[in-house]
Every structure is written in C-alpha cells, then in structure tokens.
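Colleague: I am new to this structure and would like to learn how to read its features one at a time. Could we look at it together?

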Amino acid sequence: MSSNNEEITITVSHRGTTHPLSLLPDSTLAYLQARLEELTSVPPLNQKLLYKGKKTVPEDATIVDAGLKDGAKVQLIGPTAEELGGLKAAESEHQRRERILRERAQKAPVKVRSTGRASPSDARYTFHRIEPLPHLPNPESARDLLTRLANDPAIRHVMHKHQFSVGLLTELAPHEQPHLLGLNVNAGQAIKLRLRTDRYDGFRTYKEVRRVLCHELTHNVWGDHDNNFKELNSLLNKEVAEFERAQAAGTHHLAGASGLDSPHSALEAEAQEYVLGGGAYTLGGTGTSTPADSPEERRRKVLEATMRRLQREEEELEERCGTAGQ
C-alpha cells in the first residue's frame, strides 16, 4: 500500500496509444481528468475510464478513493474536442433541416412527377458528412467503404422514400465498444459502423456492414427494438433487396414479377439462392423441398426457412447494436 508521499503510477490507454502517469495519492479525480485532456484532447465530461476496482465517487474525490492503485491499467474511451465539434455542427445542421421540413409540411403537398433524375430536394435525404477514423490503418480504404455505402443506389432509394437524413457516417474502432456492430447517435445525428475486423487485419464484408446500416437507419425513427422497430427494419431490408432486383431486371419500378416460379419478394429471391444450384433444402429439420411440391408449396417452404434464418440474424444484430442520445 502506498503511503501519502509515494507516487502512484498508472497506465492509460486511448485508441492504441499508451500514456504513463505518476500521481500523488491525494490527487483528485478532476486533476487526473485534466491531465488526460491535455494528453488526448478528450474533455473531462466525455471521458469514460475503465479499470479494475473502479468506484463511483464525486470529482473532488482522490484517485485512491476512486479505486486506482499503483500499477493500474486504465482504458480511456471518449470523443476528442475536434470530433465533438464535428458532431455539434452536424447536430445544428440536422436541427436546421428539421425546421425546414416542418415548415414545408405545413404547406400544401406538391405532387412530384418521376423523371428518372434525383430532384434537388432529394439532397436532404443523404449522409451529409463521411469521415473514417484517421488514426486507424488504411483510412482511405475505410473512406472508400463508407462512400460506397452512402452512394449505394438501394440505400439512397430507402433514404429518399422514408426521408432519412444522417449528419455523419463514420466508423467504430475495433476497441471502441467492442460489443457493438453499429451505433446511432441522436436519431441520425451520426451513425457509426464497425467496418473492420476485431483484429484490425481487414474489413468486414460489404453485405454484412450494409445490413447493419439498414438496422441503424431504422433507429432514426424507433429507438427501442420493439415491434415497430422490427416491422420498419424488415421493410427496409425488403426494399433494398427488391430495388436491386428491379435494377438487375432493367426496370424502374418495384412491382413483383408475374408467374408462379418467379420470386414475389426479396425474401423469396434470397431463399432461391439456397435452392438454385441443386439439392434438397432442409427446412428447420422438419422436411425438405422436393420436386413433387407445387411451385407455391416450394415458395412457402423456402420463405418460411429464410424468415427463420433472417430472424435469428436480426436477433443477433439487436444484441450488438446501440443508440445514444444527449
């Protein structure tokens, strides 16, 4: 146990950088936070310190009262002042756009004729800023992935249709809230996506990250993972898939194909990926789709199986998704 005159040495890690600090036992927690702000540019109000034996105490308490001991290893989590400035700017822009939308909503609706080109008003429903994390490896690759997501025609389609606006599209570092795959801040002020693998050795698949993005866009409307959320999230995923089907077919509308053997929904189109290529497909271990089945029966079985699989994936995603508000 250190005496009152012996310094306590701790090691603070922030975004891969280690900061050794020597402090007197009677140093206050507020003093430690001020030192950390000098080293990392993270304001005290946004600093979250993680360490073994942590105690909840007021800011004027000593570091010993807070549970810090000699040799302690501390993880600091929190945005820098520069990052906060960007988020505040995005928030102000978001508030301005919301005011404009409210004013326009009070006016008589105007019927818009589709010409195949995006109207100027569509510019509201987009990602207004794209920023990778510059301190992580290959930031340009991360920017390319974020840009691809923001310009994805299917994503743009659902954003325009549902009038989604996002101030900032950025990434979650692998060490930042590692239990999350995505985070929606203040209903669209910012969306953060985990682009990289947990070991920093590459990037996750585009399809996986885009599915998380659809999930986080749903949080622009619904915060909790209730039935309202599930219905909208399912609709967004369906609309993304159907838009791509329509594009692949060379059409400009999302009408279902005719004919019993054509998939009538995005789920059926996805399900057919498991059927085409040959072989019977086991449906939850209770049976198989056989050539003797009618087209409608085959459609029903593969759709049920796909619905179960997507539901399991969505439940897993809900456990690794977060929302944050001020």
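Colleague: In what order do the four strands of the open sheet lie, and what kind of pairing joins them?

Modeller: Keeping in mind that this is a predicted model, you can follow the open sheet across its four strands as β2-β1-β4-β3, with mixed pairing. Strands β2 (17-23) and β3 (48-50) stand at the edges with a single partner strand each, so one side of each has no neighbour in the sheet. From one strand to the next, the twist averages 30°.

Colleague: How many bridges join β1 to β4?

Modeller: Strand β1 (residues 8-14) and strand β4 (residues 73-77) run parallel and are joined by three bridges; on the level of residues, S13 has Q75 in β4 as its bridge partner.

Colleague: Which strands does helix α1 touch?

Modeller: Helix α1 (residues 29-40) packs on the sheet and touches β1, β2, β3 and β4, while its direction makes about 145° with that of β2.

Colleague: What describes two packed helices?

Modeller: In general, one gives the angle between the two axes and the distance between those axes. Here, the axes of helix α5 (residues 206-218) and helix α6 (residues 227-248) come within 9 Å and cross at roughly 135°, which makes α5 oblique to α6. Their crossing is right-handed.

Colleague: Which residues make the contact of α5 with α6?

Modeller: From α5 come R210, R211, C214, H215, L217 and T218, and from α6 come F229, L232, N233, L236, N237, V240 and E244. By character, the residues of this contact divide into six nonpolar, four polar and three charged.

Methods. Residues numbered from 1 in each chain as written. Predicted model: local features only at pLDDT ≥ 70, side-chain atom pairs only at ≥ 80, totals over all residues. Heavy atoms only, no water. Pairing = 2+ DSSP bridges. Helix = DSSP H or I, 4+ residues; strand = E, 2+ residues; numbered from the N terminus. Axes fitted to C-alpha atoms, helices over the stretch in contact; angles between N-to-C directions. Contact = heavy atoms within 4.5 Å. Parallel < 35°, antiparallel > 145°, perpendicular 65-115°, else oblique. Left-handed = near helix turned anticlockwise from the far one by under 90°. Nonpolar A, V, L, I, M, F, W, Y, C, P; charged D, E, K, R; others polar.
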